[in-house]
Amino acid sequence: MSFSNAQVGFVGAIPYLLGAVAMVLITRSSDRTGERRWHYAGSLLTMAAGLVGTALTLGTPVVALTFLAIVGIGAYGSLGTFWPLPTTLLTGTAAATGIAVINSVGNIGGFAGPYLVGTLADATGAFEYGLLILAVLAAIGALIFLAVTRRR
């Protein structure tokens with residue numbers, strides 16, 4: 001099966017379109033219920049599950065694309081529930097500093113993640129290990145978030 005450049009673009013857009021819809025729906029649910037903790041952690045765990053599924057099905061493009069769509073749902077679904085938290089948990093200059101630190105760490109992750117996946121792909125000849133590492137990191141992030149925001 002061969003696709004034109006335009007068709008590849010449309011197929012590649014599927015995870016992002018589903019992610020955009022998920023972002024709106026998950027954020028609405030979080031706003032309506034006032035619950036952010038499990039909406040965010042659940043989104044990260046959804047992303048982790050999608051990454052594992054993608055890693056295990058790379059040889060079957062349609063199935064792998066389905067799992068990539070799940071990754072998009074989890075990744076973009078987490079955004080709307082995460083960004084209100086710094087100003088909910090912190091005030092004044094602490095909130096501004098917290099947001100700056102989050103952005104700084106995020107920018108480092110934006111470099112380190114693809115670099116790590118590429119390095120693992122070069123070392124092993126496959127992308128599966130990089131995707132599995134990202135899945136583990138997403139799951140660890142969810143667990144740390146749940147531990148830090150545990151209600152007392």
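## Salt bridge

Asp31 and Arg36 form a salt bridge in which the closest N and O atoms are 2.8 Å apart. The structure is a predicted model, and one salt bridge is found in it. Side chains of opposite charge can pair when their charged atoms come close.

Asp31 has a relative accessible area of 47%. Because this value falls between the limits of 20% for buried and 50% for exposed residues, Asp31 is classed as partly exposed.

## Packing of helices α2 and α6

Two packed helices are described by the angle between their axes and the distance between the axes. For α2 and α6, the axes lie 8 Å apart and the packing angle is about 165°. Helix α2 is therefore roughly antiparallel to α6, since an angle over 145 degrees is counted in that class. The crossing of these two helices is left-handed.

On the α2 side, the residues that make the contact include Arg37, Trp38, Tyr40, Ala41, Leu44 and Leu45, together with Met47, Ala48, Leu51, Val52, Thr54 and Ala55. On the α6 side, the contact residues include Glu128, Leu131, Leu132, Leu134, Ala135 and Ala138, as well as Ala139, Gly141, Ala142, Phe145 and Leu146.

## Aromatic pairs

The structure contains five aromatic pairs. One of them joins Tyr40 and Phe145, whose rings are 4.6 Å apart centre to centre, with 70° between the planes. This pair is edge-to-face, because planes over 60 degrees apart are assigned to that class.

Tyr40 belongs to helix α2, which spans residues 37–56, and Phe145 to helix α6, which spans residues 128–148, so the pair ties together parts that are 105 residues apart in sequence. Tyr40 is buried, with a relative accessible area of 12%. Phe145 is likewise buried, and its relative accessible area is 12%. Both residues also appear in the contact between α2 and α6.

## The aromatic cluster

A second pair is formed by Phe82 and Trp83. Their ring centres are 5.2 Å apart and their planes stand at 80°, so this pair is edge-to-face. The two residues differ in accessibility class: Phe82 counts as buried at 18% relative accessibility, whereas Trp83 is partly exposed at 36%. The value for Phe82 qualifies as buried because the limit is under 20%.

Tyr40, Phe82, Trp83 and Phe145 are linked by ring pairs into a cluster. Within this cluster, Tyr40 lies in α2 and Phe145 in α6.

Technical notes: Residues numbered from 1 in each chain as written. Heavy atoms only, no water. Salt bridge = Lys/Arg side-chain N within 4 Å of Asp/Glu carboxyl O. Buried < 20%, exposed > 50% of the residue type's maximum accessible area, 1.4 Å probe, protein only. Phe/Tyr/Trp six-rings, centres within 6.5 Å; stacked < 30°, edge-to-face > 60°. Helix = DSSP H or I, 4+ residues; strand = E, 2+ residues; numbered from the N terminus. Axes fitted to C-alpha atoms, helices over the stretch in contact; angles between N-to-C directions. Parallel < 35°, antiparallel > 145°, perpendicular 65-115°, else oblique. Left-handed = near helix turned anticlockwise from the far one by under 90°. Contact = heavy atoms within 4.5 Å.
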